[in-house]
There are 2 protein chains.
Amino acid sequence: MGQRGRKKGSNGEQSRALLLSIAANEFAENGYHDTKVSSIVKRAGLTQPTFYLYFQNKEAIFQELVELFRENLFSLTRKSRLEPGIELSSLSDRITYGLAGIFSFFKENPDLTKIGFYESAIAEEMKRELAIQIEENLTSEVQNGYFSQAIDMCIFAESLVGIIERLTVTKLLPGLKQPNRLAEEIVDIFLNGIINKNN
Amino acid sequence: MGQRGRKKGSNGEQSRALLLSIAANEFAENGYHDTKVSSIVKRAGLTQPTFYLYFQNKEAIFQELVELFRENLFSLTRKSRLEPGIELSSLSDRITYGLAGIFSFFKENPDLTKIGFYESAIAEEMKRELAIQIEENLTSEVQNGYFSQAIDMCIFAESLVGIIERLTVTKLLPGLKQPNRLAEEIVDIFLNGIINKNN
DNA sequence: AGATAATAATACTCATGAGTAATATAAAAT
DNA sequence: ATTTTATATTACTCATGAGTATTATTATCT
């Protein structure tokens with residue numbers, strides 16, 4: 001007969017944190033539906049009712065992870081807003097720096113990132129919010145001549161989100177590119193275009 | 001007691017096609033897991049066993065839709081490959097034309113497109129394949145001086161896929177932008193960059 | 001030390017939804 | 001006209017997985 005009741009040295013905070021991190025990994029790898037509460041608790045060395053001691057239900061733990069991602073990400077994008085009066089010469093460095101910060105966060109939190117980008121219902125909302133933030137960053141502080149007026153900033157912001165997502169998934173998370181380098185390449189393409197000016 | 005047996009004027013091909021198109025819509029709106037076979041057949045005015053007359057199981061009908069999307073998309077990307085010897089002056093028009101064709105397909109098949117872009121397991125594979133195609137298109141036929149050598153074509157191709165996806169979802173499918181116009185804007189950003197050259 | 005709170009397990013229930021067995025009717029083939 | 005094939009229905013089974021009632025053990029508080 002198995003061990004019943006509270007375990008020696010057991011600690012609620014710890015169990016909760018463990019469940020949360022395992023859940024993040026399961027959701028990231030298998031998606032919401034294919035993640036079973038039973039397999040989360042199994043990996044944690046706990047049982048089903050213990051799970052419900054810390055989370056109201058499966059949906060709740062998922063939402064908690066989503067919020068974690070959202071808050072971190074939006075804090076970063078807010079920080080990467082450019083202050084007024086930047087010289088054109090340092091513009092690209094400043095943008096690169098902000099992007100690299102975001103990529104670093106993704107790299108350090110791959111599970112959260114996959115959830116935020118993949119789990120369609122919320123991913124869509126997240127990307128839209130991110131695009132809005134980026135658009136605000138661009139128009140409110142850097143519209144005075146930095147960028148070509150012909151460009152629709154909304155289109156541009158959405159494009160940037162698309163690029164960030166795709167390169168995060170294909171280059172950053174698999175370890176093929178470092179945050180800094182990736183940020184540089186994106187900025188280079190966007191600022192200068194790809195046409196060969198030496199032609 | 002309800003009608004039993006074959007209905008007057010009933011036609012297998014037709015029923016199958018109906019189920020397929022309703023399924024596409026359900027998968028697109030609700031995702032794979034939240035789409036119930038029972039609700040598909042209900043909308044089609046049929047019953048569960050009839051579904052299994054035409055499709056082996058839920059997975060099979062989903063895969064059939066995925067294949068439909070894949071084949072159409074890859075046929076289009078193949079067609080949009082640029083033949084050698086294009087003048088630099090018409091380069092941007094040619095790329096725009098190819099992109100617009102892809103966007104038109106998406107616009108005419110919004111359900112398939114959402115499935116192809118959203119349903120994570122296959123969406124990822126699809127995007128990767130698309131990026132590879134684009135990369136081949138770019139390097140094999142247009143490497144001779146059109147584009148700056150400094151740019152990693154793989155990064156570029158992945159970026160383009162990200163942009164296509166995001167703008168399809170946010171601008172094209174909601175009807176905010178027409179295929180042609182969208183293609184033009186993308187090409188403009190990519191070829192020329194966004195920096196204001198008049199500065 | 002005794003009472004209470006926190007943390008955990010055993011052993012369930014219960015809804016849901018995929019898939020099926022058996023049967024009936026219409027259309028096509030002989 | 002009769003047989004066969006195609007298309008459909010009613011009325012199930014059955015697995016799965018989320019969530020729970022009850023009970024036990026350890027830690028903490030008074």
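Which residues does Ile115(A) touch, once we leave out those up to four places away in sequence? I'll start there, and keep in mind that this is a predicted model. The list is Ala24(A), Phe27(A), Ala28(A), Leu65(A), Val66(A) and Phe69(A).

Now, where does that isoleucine sit in the bigger picture? The largest nonpolar core has 92 residues, and Ile115(A) is among those with the most contacts inside it. The others on that list are Leu65(A) and Ile186(A), plus Leu65(B), Ile115(B) and Ile186(B). So you'll notice that Leu65(A) shows up twice here, as a core residue with many partners and as a direct contact of Ile115(A). As a general remark, nonpolar side chains tend to be buried together in soluble globular proteins.

OK, let's zoom out to chain A as a whole. We have nine helices and zero strands, so reading from the N terminus you just get α, nine times over. The C-alpha trace spans about 80 × 30 × 30 Å along its principal axes. The radius of gyration is 21 Å, while a compact globule of 199 residues would be near 16 Å. Buried residues come to 35% of the 199. And if you take contacts with a separation of 6 or more, 68% of them are between residues 24 or more positions apart.

Next, domains. The assignment splits chain A into domain 1, residues 12-55, and domain 2, residues 61-192. Their centres are 30 Å apart, going by C-alpha atoms. How many residues of each domain are in contact with the other? Nine from domain 1 meet nine from domain 2. On the domain 1 side, that's seven nonpolar residues, two polar and no charged ones.

What does UniProt have for us? There's an unreviewed entry, and it lists "domain: HTH tetR-type" at residues 13-73 of chain A. In the model that span is 80% helix and 0% strand, with its end C-alpha atoms 25 Å apart. The unreviewed entry also gives a "DNA-binding region" at residues 36-55. For residues 36-55, we get 75% helix, 0% strand, and 14 Å between the end C-alpha atoms.

Let me finish with three single residues, two of them over in chain B.

First up, Ala183(B), in helix α9, residues 179-192. Buried or exposed? Buried, because it has 24 C-beta neighbours inside 10 Å, and the cut-off for that is 20 or more. Ala183(B) touches Thr96(B), Leu99(B), Ala100(B) and Phe103(B), not counting residues up to four places away. Take the Thr96(B) pair: 87 residues apart in sequence, yet 5.3 Å from C-alpha to C-alpha.

Then there's Leu76(B), in helix α4 of chain B, residues 58-79. Leu76(B) is partly exposed, because 18 other C-beta atoms fall within 10 Å. Beyond its neighbours within four places, Leu76(B) is in contact with Gly101(B), Ile102(B) and Phe105(B). From Leu76(B) to Gly98(B) is 22 residues in sequence and 7.9 Å in space, C-alpha to C-alpha.

And last, back in chain A, Glu129(A), which lies in helix α7, residues 120-142. Glu129(A) counts as partly exposed because it has 15 C-beta neighbours inside 10 Å. Pair Glu129(A) with Lys107(A) and you get 22 residues in sequence, and 21 Å in space, C-alpha to C-alpha.

That's what I had, thanks.

Note on methods:
Residues numbered from 1 in each chain as written. Chains lettered and ligands numbered in written order. Predicted model: local features only at pLDDT ≥ 70, side-chain atom pairs only at ≥ 80, totals over all residues. Domains from an automatic or database assignment. Contact = placed C-beta atoms within 7 Å. Nonpolar A, V, L, I, M, F, W, Y, C, P; charged D, E, K, R; others polar. Helix = DSSP H or I, 4+ residues; strand = E, 2+ residues; numbered from the N terminus. Rg over C-alpha atoms; globule rule 2.2 N^0.38 Å. Buried ≥ 20, exposed ≤ 12 C-beta atoms within 10 Å, placed from the backbone. UniProt positions renumbered as here; feature names shortened; annotations may be inferred. Core = buried A, V, L, I, M, F, W, Y, C linked by C-beta atoms within 7 Å.
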